[in-house]
2 protein chains.
Amino acid sequence: MVTLAEVAQHAGVSASTVSYVLSGKRSISAGTRQRVERSIQELGYHPNAGARALASSRSNIIALMIPLRTDMYMPVMMEIAIAVATTARAHGYDVLLLTGEEGPDAVRRVTGSGLADAMIPMDVELDDERLPLLRGTDRPSVLIGLPADTTGLTCVDLDFGATGALCLEHLAKLGHRDIAVIGEAPGVYERHTGFAERTLDGLRSRSRELGVRLLHRPCEGGYDAMSVTLARIFDERPSTTGFVVQNESAVEPLLALLRQSGRAVPEDVSVVAICPDQLAMQASVRLTSVAIPAQEMGRRAVELLVAKLEGQGTDEVVLLPPELTVRASSGPAPATG
Amino acid sequence: MVTLAEVAQHAGVSASTVSYVLSGKRSISAGTRQRVERSIQELGYHPNAGARALASSRSNIIALMIPLRTDMYMPVMMEIAIAVATTARAHGYDVLLLTGEEGPDAVRRVTGSGLADAMIPMDVELDDERLPLLRGTDRPSVLIGLPADTTGLTCVDLDFGATGALCLEHLAKLGHRDIAVIGEAPGVYERHTGFAERTLDGLRSRSRELGVRLLHRPCEGGYDAMSVTLARIFDERPSTTGFVVQNESAVEPLLALLRQSGRAVPEDVSVVAICPDQLAMQASVRLTSVAIPAQEMGRRAVELLVAKLEGQGTDEVVLLPPELTVRASSGPAPATG
DNA sequence: ATAGGTTGTCGAAGCGCTTCGACTAGGAGT
DNA sequence: ACTCCTAGTCGAAGCGCTTCGACAACCTAT
């Protein structure tokens, strides 16, 4: 294992000079810099992470806390994680992967040990246990998701309120007057995950404004659950012609069951989904949808965090504006007979 | 930030004693141990990760290298990653998340800097660029996936050869004589990812033994690609009654298209999938399938790695035996008319 | 010429921990 | 009574780096 001292000796300079070449914190003459850089190359030197962390009290590591739960749609989490890792590397940081298993203790451990310089908690609940700890530490953090009280916190999320409103508007403009919302599994609402409730708020308030009737039904994924849910919806509101789906594993079942019950999409009923673009495009009917900007969320979170680590960041809530893409699953409401 | 020295002073012992209480590497009297432990509790002490890494040249971090590609099925990757993180924590290790972006340099950087004690490369290609580096370092590693040459390496993977054989056997026993294999996207085969080819080998060799005709077609996911592929298959082999699918995003399209073309599952054609159980159970027809044991793979990889780190491990290839679960998508071949 | 700045480099201290050797006390064996 | 071990503790060295203050060399403005 090559050390700084060896590089220094090889280049004929002192250790501190090599350090300054590496960090750029003091000016170094061009000649010296080149000699040092050549020595680094030739010896294949890599600074020792532990020593660096100890001396500088910066680990250059960001902790990403992902949920353990499997009822959250995994591909979105994965996409965010990859975007976080990639963006972090671009800024010279590595990413530590923490699962929800440890709970709030993970925050204590990581900040206490100096393992990570900063944190990105995902899957934030409205009244998350980690919030007091995050507020009480000097390590910066950026949440992905929105808790109830954001004072003193920096958050990134899709603007789910606007998303709900946007979906409803789209269907209302097409003439739909009875709209059903297929939501996430009941557990998601019980846990008070912010995004599900905020979507609903957006849908509801806009529906009131536009005089549209709304029926909300949480739904577990899969065919059986969807079948029951759908039957109930048509039972209760036979005039339903519009659907907003916010549950990835209910999308395909919904389409299949509509088909099966003789309702054509988009001729008889329209469907708007809130889901990753890939899923919207691979579904059996190309879905009009609002995309979950997973990559964007991961990227922005890291950028905000890096700004904070460099002392220029400030607490703010970044809500990404939703974008609705019209595809083949939505069309004018059928003429009322 | 509380330090070892402060704990020592608080407990009225020397720093080294506290260190030995923490590591258990020397015997400590019960009284002293308790006093030290109480001080640790009261002061809320967490050992500094950098200092520890520097002094012991062990970071207690495992690097997990995940692929950037999006054509691999994300949920499986995610499930593995979570299992790795959870198991690692149970053994006192943290997990560093590395993406494929850096390529082989990531291996150099991590080993060179002592950032991680060991590595788990995922999505291993048959002739992976990282292999020489892994063989040439003294940091242990466990691959998830199987390269062409495994000498000097430890690997964990599903036994895809046996998986192929098992699928074929199941359909053959049911009387199917013409079987089509819907494979991964062509890119996966071009990249020489081991698992796809090994599955095919297993299918082919068993088909020869059992006198079954096999037709293999790679397929991009989604409805359009599947539609074209399916038409070609029935065109070339109208007598096809059995399908083996190894492509998560082709599963639902296949079922829909079969339905659409008037073929009932399992009455007219049988389908066996190689995919995560969740997907098999949520599909529009509950699929007879061989599960991808993602959690098991992640867990085993970490356990092998920890054994190696403790000096008791040995190079070996662990192939998890496939398990076929019969569900509603496979049945006796229709009587030939 | 002289005071005052720059610029480039070095030496040394110290980050918080692990670990080795040394030391003390008490118990076992003779 | 005397040696020999073992268990329990301590002091000090050192892991590889960053960073501060010092200093020499040179430039610039008086």
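Two strands are counted as paired if DSSP finds at least two bridges between them. On that basis, this predicted model contains an open sheet of six strands, contributed by chains A and B in the order β3(A)-β1(A)-β2(A)-β2(B)-β1(B)-β3(B). Helix α5 of chain A and helix α5 of chain B pack against each other, and a two-fold axis relates the chains.

**Relation of the chains**

- Chain A is superposed on chain B by a rotation of 180 degrees with 0.0 Å of shift along its axis, at an RMSD of 0.0 Å.
- This is the relation of a two-fold axis.
- Both copies use the same surface, since 100% of the contact residues of chain A recur in chain B.

**The sheet**

- Pairing within the six-stranded sheet is mixed.
- The edges are occupied by β3 (118–121) of chain A and β3 (118–121) of chain B; each has a single partner strand, so one side of each is left without a neighbour in the sheet.
- On average, and with direction ignored, neighbouring strands of this sheet are turned by 30 degrees against each other.
- In chain B, strand β1 (residues 61–66) and strand β2 (residues 94–99) run parallel and are joined by six bridges.
- Within that chain, Ile61(B) is placed opposite Asp94(B) of β2(B).

**Helices on the sheet**

- Helix α5(A) packs on the sheet and touches β1 (61–66), β2 (94–99) and β3 of chain A, together with β1 and β2 of chain B.
- The direction of α5(A) makes about 80 degrees with that of β2(B).
- Helix α5(B) lies across β1, β2 and β3 of chain B as well as β1 and β2 of chain A.
- The course of α5(B) is at about 80 degrees to β2(A).

**Helix–helix contact**

- The α5 helices (residues 74–90 in chain A and residues 74–90 in chain B) pack at an angle of about 70 degrees, and their axes are 8 Å apart.
- Angles of 65 to 115 degrees count as roughly perpendicular, and α5(A) and α5(B) are therefore roughly perpendicular to each other.
- From α5(A), the contact draws on Met74(A), Pro75(A), Met77(A), Met78(A), Glu79(A) and Ile82(A).
- From α5(B), the participants are Met74(B), Pro75(B), Met77(B), Met78(B), Glu79(B) and Ile82(B).
- By class, the residues of this contact comprise 10 nonpolar, no polar and two charged.

**Annotated segment**

- An unreviewed UniProt entry carries the annotation "domain: HTH lacI-type" for residues 2–56 of chain A.
- In the model, residues 2–56 of chain A are 71% helix and 0% strand, with their end C-alpha atoms 20 Å apart.

How values were computed:
Residues numbered from 1 in each chain as written. Chains lettered and ligands numbered in written order. Predicted model: local features only at pLDDT ≥ 70, side-chain atom pairs only at ≥ 80, totals over all residues. Heavy atoms only, no water. Axes fitted to C-alpha atoms, helices over the stretch in contact; angles between N-to-C directions. Helix = DSSP H or I, 4+ residues; strand = E, 2+ residues; numbered from the N terminus. Parallel < 35°, antiparallel > 145°, perpendicular 65-115°, else oblique. Contact = heavy atoms within 4.5 Å. Nonpolar A, V, L, I, M, F, W, Y, C, P; charged D, E, K, R; others polar. Least-squares fit on C-alpha atoms with pLDDT ≥ 70 in both. UniProt positions renumbered as here; feature names shortened; annotations may be inferred.
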